[in-house]
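The following exercises are to be worked with the sequence and the three-dimensional structure at hand. Each task is followed by a solution in steps.

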Amino acid sequence: MDKNAKIYVAGHRGMVGSAIVRQLQSRGYTNIVVRTSKELDLRRQDAVERFFAEEKPEYVFLAAAKVGGIIANNRHPADFMYDNMILEMNVIHAAYENGVKKLLFLGSSCIYPRLAPQPMPESCLLTSSLEQTNEAYALAKISGLKYCEYLNRQYGTDYISVMPTNLYGINDNYHPEHSHVLPALIRRFHEAKESGATEVVCWGTGSPKREFLYADDLADACVYLMENYSAEDLGNETVNLGSGKEITIKELSELVAKTIGYTGTIRWDAEKPDGTPRKLLDVSKLERLGWRYKTELSEGIRMAYDDFLHGESRAER
Ligand code: GFB
């Protein structure tokens, strides 16, 4: 990518999109195009077509998505499927129609089967049933990555896709019910410390294991892959993006409590869903491509907590 190439980052206000914009700027890219969802509703095909025809971006990072934690996914499957599926199809198709040179599509590790072998290699996609709590989101993400593969195969485009593990970082969503586990715990332990509460309730049994990647590390990997690899180099197959390390939710809760300075007890509400028991990505392909994560979880949680206290996401709480 030329430093002055026109690059459209879809979803630039979200945690992932904003990290990609920061990453591009820090690498000297000067011609980054963005639109808020008010300016451009990516679910409207005619609006997306008009935008691409007018702006003619050369490169696209598709980081726009409707996302949420286990409860949000479980309660709103129709919205998660419709919003994600339609915006992906609109953006990827408009990119193809307007001759975008290269596109990067972001999916999620929940595309892999619920009981996939651990760690999960890219090749286990579509080998057995999905986790029920996020099936709708996973089906939309599988459709997006497959549409990129089909365009590459049928029309010779160069659209790559990456499947990140659970992410956290700057500009996260701290909604008490709809967020992912890490921001939810940061908020809950912080509020317990502030109010002097002696007990914090977390969801599920605490036994599921999850892998976490700091969003700025993810953005670094995305730009690295866009700069250095084509879909053909990647075998027209997705690439897992993770740290390759997992931790139980119980251990995570203790780490967050320690970082925040909460010293009370932690109780587990087993009425809330655990979700998939393990979700560790096999990152050997990514490492062969020359990329490894940088931010350890303990350091990332400190930076995320600092953003919770002082960053822009604070205004939206
Ligand atoms: O982050 P989370 O919602 O995502 O939950 P998933 C991870 C684990 O943390 C589950 C537990 O076992 C939850 O039961 N947990 C404990 C909590 N306390 C809390 C809490 O206060 N809030 C939340 N949210 N969880 C999502 C998918 O699955 O992961 C999405 O639903 C997406 O589709 C995303 O793929 C990355 O890892 O279970």
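**Exercise 1. Determine which residues Q23 is in contact with, leaving aside its neighbours within four places in sequence.**

Solution. Step 1: locate the residue; Q23 lies in helix α1, residues 15–26. Helices here are DSSP runs of H or I with at least four residues, strands are runs of E with at least two, and both are numbered from the N terminus.

Step 2: list the partners. Contact means heavy atoms within 4.5 Å, and Q23 is in contact with D216, A219, D220 and V223 once neighbours within four places in sequence are left aside.

Step 3: classify the exposure. Buried means under 20% relative accessible area, exposed over 50%, and partly exposed in between, with a 1.4 Å probe and protein chains only. Q23 has 12% relative accessibility and therefore counts as buried.

Two conventions apply throughout. The model is predicted, so local features need pLDDT of at least 70 and side-chain atom pairs count only at pLDDT 80 or more, while totals for chains, interfaces and linings use all residues. Residues are numbered from 1 along each chain as its sequence is written, and side-chain values use heavy atoms, with hydrogens and water left out.

**Exercise 2. State how many residues the largest nonpolar core has, and which have the most contacts inside it.**

Solution. Step 1: apply the definition. A nonpolar core is a set of buried Ala, Val, Leu, Ile, Met, Phe, Trp, Tyr and Cys residues joined through side-chain atoms within 4.5 Å.

Step 2: read off the core. The largest one comprises 77 residues, and I20, F52 and F61 have the most contacts inside it. Helix α7 (residues 215–228) supplies the largest share of this core, eight residues.

Step 3: examine one member. Not counting residues up to four places away in sequence, F61 touches residues including M1, I7, Y8, I20, L24, L104, C222 and M226. Apart from this core lies another, of 24 residues, among them Y168, L185, L297 and I301.

**Exercise 3. Describe the surroundings of the ligand: which residues come nearest, and which side chains have an N or O atom facing a ligand oxygen at a stated distance?**

Solution. Step 1: define the shell. A residue is near a molecule if one of its heavy atoms lies within 4 Å of it. There are 22 residues around the ligand, of which I70, R188, R210, P273 and D274 come nearest.

Step 2: sort the shell by class. Ala, Val, Leu, Ile, Met, Phe, Trp, Tyr, Cys and Pro count as nonpolar, Asp, Glu, Lys and Arg as charged, and the others, Gly among them, as polar. The shell then has ten nonpolar, eight polar and four charged residues.

Step 3: find the oxygen distances. An N or O atom in the side chain of K279 is 2.9 Å from an oxygen atom of the ligand. For N73 the corresponding distance is 3.2 Å, and for N134 it is 3.4 Å.

Step 4: assess the cover. On its own the ligand has 710 Å² of accessible area, and the protein covers 97% of it; accessible areas come from the Shrake-Rupley method with a 1.4 Å probe, and for residues only the protein chains shown count as cover.

Step 5: assign the elements. Two or more residues of the shell come from each of α3 (70–75), α6 (181–195) and β7 (199–203). The most, three residues, come from α6.

**Exercise 4. Characterise C110, and decide whether it is buried or exposed.**

Solution. Step 1: C110 is placed in the loop between β4 and α5. Step 2: its relative accessible area is 5%, so C110 is buried. Step 3: not counting residues up to four places away in sequence, C110 touches L130, N134, Y137, A138 and K279.

**Exercise 5. Locate the cis peptide bond and give the backbone particulars of L126.**

Solution. Step 1: the cis peptide bond joins Q118 and P119, with omega about -5 degrees. P119 belongs to the loop between β4 (102–106) and α5 (135–155).

Step 2: L126 has a positive phi of about 60 degrees although it is not a glycine. L126 is placed in the loop between β4 and α5, and its relative accessible area of 57% makes it exposed.

Technical notes
Polar contact = N/O pair within 3.5 Å; in protein donor to acceptor, adjacent residues only side chain to side chain.
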